[in-house]
Amino acid sequence: MIAVAFDELKVSMSLAEPAAFPVAEKVLLAAVIVASLGVFAWRLSPIARNVLRSKKDTDFSLRPVGARVWKFFWEVLCQAKVIEQRPLPGLAHAFVFWGFLAFALVTLNHIAVGFGHGFLQYAGWFGTFYVMFAAVWALLVAVSIAGLFIRRFVVRPRWLGAEVSVESGVIAGLIFLLMATYLAALFVDDGGGAALGLWWVHTLVLLVFLPIIPGTKHLHLVLSPLTVFLKRPEFSQLPKLEGDDDFGLVAGKDLTQLIALQAYSCVECGRCTEHCPASTTGKVLNPKEIVLGVRSYLNTEGPGSEVALLDGAQPALSMEAAFECTTCGACEFQCPVGVQHLPVLIGLRRGAVNTGAWEDKYGTKLFLALEKQGNSLGMSSTERDKFIAKQEFPIFDGSQEYCLWLGCMGSYDPKGREIVSDFARVMRALGTQFGVLKKEKCTGDPARRLGNDLLFGDLAEQGLKAFAMAGVKKIVTICPHCVRTMATDWLEYGVAPEIEHHSEFMARHAHLLPQQKGESIVYHDPCYLGRYQDVYDEPRAVVATAGELVEAERHRERSFCCGAGGGLAFLGEESGERVSHVRAKELIATGAQTIGTACPFCNSMFRDALGAVGGEAPPQLLDIAQLAARGLAMQTNDRDGKPGEN
């Protein structure tokens, strides 16, 4: 029955095309093509002008070209990020993209046929093969675009936005019609009226589709390959402020070409919103709307405008929204079209702080503490001296292998001190020689993320000078924020000594750590260790020595923030639900007996959150250094004949 039905359809191995076109139709075709291209160029030109007239990115470099080519291949041609982070809709989107690539040759031939110069010869093997190859892709594209239409207009996930773009529906319909007319041409005879009708419908749909693209989210079809290739190579890479008159993103004149290009490339998919800890806990910040707000500003005010970006004219661009960002980087990591949100958000903070527009009592208190006391907790350095003396930490004198960097949390926070003490115990057990600096000042991480560049620069210069004077060659620390800041952000002022996180150090020696059994441990990936530095396996290797590793639903690259980053650990109460509470509930839901952390800020946030949402018997909260040190203590007890702990 199926064979008979298929035979009755009379499917052809070639594409039905009109035999010939009279001169009048060729002239009409040429006129329609010119009109379509003309409207496309007319609608695209103001966008191109806004990008080109924006401030040049003075620190931009194409090098390393090889890395850019690979990223283009992987993220654009392979659609890897699109598929990996949102598999079903991502695969549907990828099929549409790959289908467009497959149809490039078909489209060129289609237009050439109209002028009597078709080059795909269906009598030959290649022409026959390509017709059927394109037919397979036409089916995949038709099904995929229908699925994406249903998702956007029927399912409507909230992160896509309350308002659904009408143009999205129109373009989805046009793409479906393009595929349908191509497939239909396989079932009609050459040279007949049906072939002519299908050819013209396909042509007109194609030429109507083109000029609709500019001014809609589908502009990413044109811009996103360029955006992915040109985006800054480092994750959350902040441009250096140039000269005394550069305060960050204050007005339109401060928006750079890369920012403008990325703003127009936004596909409005809402991935950034879906994974943003601020947005998902009921706060004002919506990273997608921040990018769209920049686009709207460029369209209304222009790239050279003196109108303040945070003046309230663009509702999404608000002071409140800019300072709710935890700088976790989930938005930037998730974006499939190369938009880098963090330089924009921190750029807005820079503009507000460096011009004195941001007024916040907690922020002011933090900046004063960093300036006067040299640490974010505002405590006297004598407290650190007492802690060092009590723990009998040796002072670094240049003879030891490592400088153990305590950081603000390790120096002054009670729980942070416990973590540092346990990590020092691990280092001693491994026979590693280390010392601590006699004096430490904050790396400037909270000042950097909150936009206070002057204060950050002072702290960075003092830190580099201290390392140079002490002759430090290698640093290890419990704080991933310190690692990122010294290794990357300090580069504006000089090169810091080699630095690694304590998880990397312990993972290298994991085979020497005691093996503990029985306990289930859920590990929380810190944003500044995971997404910022791509360190995922090392802390898990340490956890594996202490018990059975359990994964939270959101882990590794998709880990949910603790809420402390971006200086927010030192600001006032959050609006909406607390980010730390949401993450703590996720970790508790795994049923693990212990929550393992690898960042003192995460540990601090969860310590408070577990008291609020952990119930009567919350899981134990330990840093991975404490897990390792516990094993050493058990080993010592066993060796001494004392009962060990489980």
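Which residue lies over the face of Phe 333? Select Phe 333 and look along the ring normal: Lys 81 lies over the face, at 5.3 Å from the ring centre. A charge is taken to sit over a ring if NZ of Lys or CZ of Arg is within 6 Å of the ring centre and within 35 degrees of the ring normal.

This is a predicted model, in which local features need pLDDT of at least 70 and side-chain atom pairs count only at pLDDT 80 or more, while totals for chains, interfaces and linings use all residues. Residues are numbered from 1 along each chain as its sequence is written, and side-chain values use heavy atoms, with hydrogens and water left out.

**Whole chain**

Zoom out to the full chain. The C-alpha trace spans about 95 × 65 × 45 Å along its principal axes. The chain has 28 helices and 8 strands; these are DSSP runs numbered from the N terminus, helices being H or I of at least four residues and strands E of at least two. Of the 646 residues, 55% are buried. Buried means under 20% relative accessible area, exposed means over 50%, and partly exposed lies in between, with a 1.4 Å probe and protein chains only. Among contacts with a separation of 6 or more, 79% are between residues 24 or more positions apart, a contact being heavy atoms within 4.5 Å.

**Helices α5 and α6**

Select α5 (residues 87–114) and α6 (residues 125–155). Two packed helices are described by the angle between their axes and the distance between the axes. Here the axes come within 8 Å and cross at roughly 145 degrees. The axes are lines fitted to C-alpha atoms, for helices over the stretch in contact, and angles run from 0 to 180 degrees between N-to-C directions. The crossing of α5 and α6 is left-handed, that is, the near helix is turned anticlockwise from the far one by less than a right angle (clockwise would be right-handed). To view the contact, show side chains including Ala 92, Phe 95, Gly 99 and Phe 103 of α5, with Phe 126, Tyr 130, Phe 133 and Trp 137 among those of α6.

**Aromatic rings**

Stay on α6 and select Trp 125, Phe 126, Phe 129, Tyr 130 and Phe 133, which ring pairs link into a cluster. Rings of Phe, Tyr and Trp (its six-membered ring) pair if their centres lie within 6.5 Å; planes under 30 degrees apart count as stacked, over 60 as edge-to-face and the rest as tilted. The count by this rule is 27 aromatic pairs. One of them joins Phe 129 and Phe 133, which are stacked because their ring centres are 5.6 Å apart and their planes are at 20 degrees. These two residues are 4 apart in α6, about one helical turn. Phe 129 is partly exposed at 44% relative accessibility, and Phe 133 is partly exposed at 31%.

Next, go to Trp 199 and Trp 200, an edge-to-face pair with 5.1 Å centre to centre and 85 degrees between the planes. Both Trp 199 and Trp 200 are buried.

**Salt bridges**

The chain has 30 salt bridges, each a side-chain nitrogen of Lys or Arg within 4 Å of a carboxyl oxygen of Asp or Glu. Select Asp 57 and Arg 232, whose side chains meet at 3.0 Å, N to O. Asp 57 is in the loop between α2 (23–53) and α3 (65–77) and Arg 232 in the loop between α9 (220–230) and α10 (257–265), so this bridge ties together parts 175 residues apart in sequence. Both Asp 57 and Arg 232 are buried.

Move to α20 (residues 414–429), where Lys 415 and Glu 418 are 3 residues apart, about one helical turn. Their side chains form a salt bridge at 3.5 Å, N to O. Lys 415 is buried at 14% relative accessibility, whereas Glu 418 is partly exposed at 41%.

Then select Arg 448 and Asp 489, bridged at 2.9 Å, N to O. Arg 448 is in α21 (residues 445–450) and Asp 489 in the loop between α23 (480–487) and β4 (498–501), so the pair ties together parts 41 residues apart in sequence. Arg 448 is buried at 2% relative accessibility, and Asp 489 is buried at 3%. Extend the selection to Arg 350, Asp 445, Arg 449, Asp 453, Arg 484 and Glu 492: salt bridges that share partners join these with Arg 448 and Asp 489 into one network.

**Helix α26**

Finish at α26 (residues 579–588), which is largely enclosed by the rest of the structure because 7 of its 10 residues are buried. Colour Val 579, Ser 580, His 581, Val 582, Arg 583, Ala 584 and Leu 587 to mark the buried residues. Elements that cover them include α12 (277–280), β5 (520–523), β7 (594–597) and α27 (600–613).
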